Every structure is written in C-alpha cells, then in structure tokens.
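Here's a quick back-and-forth on why certain labels apply to this model. Have a look at it first.

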Amino acid sequence: MVRVMASGVFDILHTGHISYLEQAKSFGDELYVVVACDETVKKKKHESITPQEMRLQIVSSLKPVDVAILGKDTDDIYEILDVIRPKIIVLGFDQEFDEKKLTLELKERGYDIEIKRASKSAEDLEATRAIIRKIKGRCDL
C-alpha cells in the first residue's frame, strides 16, 4: 500500500486544486491531505476566506482524498510525517519548495520519502487569488 501526502490551504476550492489532488492520488493507493490551519495561513500567505474547519470538511469530501487532516501551527513542518508516514509527497506546481533540498532534508532526518511535483493545469489560471480579484472587481464598493 503506497501512501501519498499532499498539502495546501484549499481556500476557495477550484479546479486547479482538484487537478493537484487527482495527480497526487495517481501516485499511490491512499491520499492523505494536510489542510493548513488558519494560523499557518496567516503566517505564510494571507488571512483565509474560509475557516479551517470548513476547508477541512470540503477537502475531506473530495473523491481523490482518502483522509484529510488539519495541519498544526508549528515551525516543524516534518512533525506531521510521523503521523501520516507517507511513501510519497506530492508538491503543488506553485508550492515554494526546492525538491532537491527537501529530499536531502528528509534523508538527513531519516525519512525515505519520494518527492514529486504536480504539473500545472489549464485550470490553474483561475487560481484562488485570481478568483478573489475577479469578485472584488465586480463588487460595488
């Protein structure tokens, strides 16, 4: 049984997210998805539109996802690996990780995990920030 892990914010779900999760699922038998908690989102990107519990419920209901769990507000991004125990981690095409550095760090920490990168899909043109800009542009503020 090959367990795959993917992660993200998944705020304002769109087809680019679905493509990412379908690609991740195609690499193994079980797909575990870590949904970033609100505190992590604030630290790394922005304040989420959708609360963490709602994002977790939505991701949990998606066809490719076997298990969705809420990430923790911690500086140790590797801590979750002891819980999930993935064989493969699939990064989103736009996630800011250097695959080579991540692979080396995992090996140094004693993990035997393969890193893969999802490819960009046409649907990514309607990513979350573009959707938000479009909504703002249509509002009479």
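The questions below go from the whole chain down to one helix.

This is a predicted model, where local features need pLDDT of at least 70, side-chain atom pairs count only at pLDDT 80 or more, and totals for chains, interfaces and linings use all residues. Residues are numbered from 1 along each chain as its sequence is written, and side-chain values use heavy atoms, with hydrogens and water left out.

Q: What makes up the count of helices and strands in the chain?
A: DSSP runs do: H or I of at least four residues for a helix, E of at least two for a strand, numbered from the N terminus. That gives six helices and five strands, in the order β-α-β-α-α-β-α-β-α-β-α.

Q: Why does the radius of gyration of the chain agree with a compact globule?
A: The rule, over C-alpha atoms, is 2.2 Å times the number of residues to the power 0.38. For 141 residues that comes out near 14 Å, and the chain has 15 Å, so the two agree.

Q: What makes residues of helix α3 buried?
A: Buried means under 20% relative accessible area (1.4 Å probe, protein chains only), exposed over 50%, partly exposed in between. In α3 (residues 52-60), Gln52, Arg55 and Val59 are buried.

Q: Why do the buried residues of α3 line one face?
A: Taking directions from the helix axis to the C-beta atoms, they fall within an arc of 65°, so they share one face. Glu53 and Gln57 are exposed on the face turned away.

Q: What covers the buried residues of α3?
A: Going by contact (heavy atoms within 4.5 Å), the cover includes β2 (30-35), α2 (38-44) and β3 (67-70).
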